[in-house]
Amino acid sequence: MKHFSSSLHLFNQMCSLGVPVNEYSMSIAIKCCCQLNRTNDGFAVLLGSCFRRAIPPNVYIYSALLDGLVLEDKILEAEMLFKKLVKQKLCEPNVVMYNTMIKGLCKFSNNVTALALLRLMEQKNCKPDIFTYNTIIDSLFKDKMIDDALKLFKEMVCNKSILPDVITYTSLICGLCKFGRWDEASKMLRQMEDEKISPNVHTFNVLVDAFCKEGKVEEAEAVINIMIERGKAPDLVTYNSLIDGYCLRGEMIKAREIFYSITLRGLIPGVVTYSSLLNGYCKNLNIEKAEQMFHEMTVKGLKPDVVTYSTMIQGFFQVGRCVAARRLFDEMYAQGRIPNECTYRIVLEGLCKNRQVEEALSLFHLVGDSKLNSDIAVYNILINGAGKYGKVDIAKNLIGVKPRITGSNQTIKRKDRTTTHLDTDSPPNETVGLRFPTEDTDTPLRLENRV
């Protein structure tokens, strides 16, 4: 266990007692500050203690500070510090420092700069390692730059003679599966096992999730069986994917069975688990069961997130319970869950499909110039709603101001990469007024070819 606070307390005692400190102890103290998200304190230690004691900051101290800035998402400040170190030759960056910067850049999808930094490493004769390549390859896949990721992988193996590890292969398999390139994913999996690299829990979870999103829950179950045979215990992420897979197929009895089996396996269902079930019930228009599950999760102390609320709000609209949708929306906002673009679209479409185009239009004008109205999908919803119910003038006016931008589909994506699909199809019913804020085994592991 890492006791950063205790280490800092001990360092302060050393300083107050006059115990000599050196660059090594100083770098540890600064690292502790940064790991506690107190990077400003880390800079204070640097400016105060280092210079007062005539201890010149070294690459380890600067690396700790850079890491702290990245941890706190202060990527611009990290870039400024890194450039200053290089330009003023305050220290010669090592592979750890480069990797820290690359990690930060990839965190914000700045792949172009990350790749430029990789080339700078080569120019400075600083040899990139497996972490360097893994970070960029994974980021490229997340940004749908599949061919660039595969090209970099080939460069790593063929040109740099860096052997891929389980993290490399997992990123490759995940990316390829996600974009339906099953043959290549299967090839990577065989290549991985040929090199005696055993899939870890995350690798198996990637496969389970990929199969479930394709509706191939039988194949997902087979992967879980192989996983258990190889001594890898399925975790909550594994079962969340499986529950979501059965929910997507409308097999709620099976999804519920897996849900209850989780606790028997010593696992505790989380917000994602409940949200998957809620989505399944809402898709099947079983809003009463969804309400029951929503109440159950709150009783158990779980706090619904934006995805949970959005799923339930959409479920209410689907069955025409607009007042209940409004009530839950107000509760969502009261609980500090700020509605996002997807929530906004759900509300607009729910209102339009329940013949409340004026209410939807009022909400649209209330939001005004917010980024929520910068999505072409918003205009499509309103135009379709107005046209469907005979409000042609409204539709014509909206066509005149429709932005020339690319819209997004109605899929809510979580930070933990679980995806909840949201459908809309609701009959007319009640009226509602809404306000909106502006803000090891013989069993082979294979992937079959999928279309």
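Here is a walk through this predicted model, from its overall make-up down to a few helices, ring pairs and salt bridges.

Start with the whole chain. The protein contains 23 helices and two strands. Its length is 451 residues, and 49% of them count as buried. About 22700 Å² of surface is exposed, with carbon and sulfur atoms supplying 53% of that.

A good helix to zoom in on is α15, which covers residues 252-264. With 13 residues at 1.5 Å each, α15 should span 18 Å, and its end C-alpha atoms sit 19 Å apart, so the expected and modelled spans agree. Now look at which side chains of α15 are tucked away: M252, A255, R256, I258, F259, S261 and I262 are buried. The spacing of such a set is easier to read with some helix geometry in mind. An α-helix has 3.6 residues a turn, so residues three or four places apart point the same way. As for what covers them, the buried residues of α15 pack against α14 (236-248), α16 (271-283) and α17 (287-299). Just past the end of α15, G266 adopts a positive phi of about 85 degrees.

Glycine isn't the end of the positive-phi story. N125, not a glycine, has a positive phi of about 60 degrees. N125 belongs to the loop between α7 (111-123) and α8 (130-142), and at a relative accessible area of 73% N125 is exposed. K144 is another non-glycine residue with a positive phi, near 65 degrees. You'll find K144 in the loop between α8 and α9 (146-159), where K144 is exposed too, with a relative accessible area of 59%.

On to the rings. The structure has seven aromatic pairs. One of them is W182 with F211, a stacked pair with 5.3 Å from centre to centre and 25 degrees between the planes. This pair links distant parts of the chain, as W182 is in helix α11 (residues 182-194) and F211 is in helix α12 (residues 201-213), 29 residues apart. Both partners are hidden from solvent: W182 is buried at a relative accessible area of 1%, and F211 is buried at 2%.

The pair F259 and Y274 brings us back to α15. Their ring centres are 5.1 Å apart and their planes lie at 75 degrees, so this pair is edge-to-face. Because F259 lies in helix α15 and Y274 in helix α16, the pair ties together parts that are 15 residues apart in sequence. F259 and Y274 are both buried. Ring pairs also bring in Y260, giving a cluster of F259, Y260 and Y274.

Finally, the charges. Side chains of opposite charge can pair when their charged atoms come close. Here the count is 18 salt bridges. Take E155 and R119, whose closest N and O atoms are 2.9 Å apart. E155 is in helix α9 and R119 in helix α7, so this salt bridge ties together parts that are 36 residues apart in sequence. E155 is buried, with a relative accessible area of 13%, whereas R119 is partly exposed at 30%.

E218 and R249 also meet in a salt bridge, at 3.0 Å from N to O. E218 lies in helix α13 (residues 217-229) and R249 in the loop between α14 and α15, so their pairing ties together parts that are 31 residues apart in sequence. E218 is partly exposed at 47% relative accessibility, and R249 is partly exposed at 32%. Elsewhere, salt bridges with shared partners join R119, E122, E155 and K160 into one network.

Terms used
Residues numbered from 1 in each chain as written. Predicted model: local features only at pLDDT ≥ 70, side-chain atom pairs only at ≥ 80, totals over all residues. Heavy atoms only, no water. Helix = DSSP H or I, 4+ residues; strand = E, 2+ residues; numbered from the N terminus. Expected span 1.5 Å × (residues − 1). Buried < 20%, exposed > 50% of the residue type's maximum accessible area, 1.4 Å probe, protein only. Contact = heavy atoms within 4.5 Å. Phe/Tyr/Trp six-rings, centres within 6.5 Å; stacked < 30°, edge-to-face > 60°. Areas by Shrake-Rupley, 256 points an atom, 1.4 Å probe, with all protein chains shown as cover. Salt bridge = Lys/Arg side-chain N within 4 Å of Asp/Glu carboxyl O.
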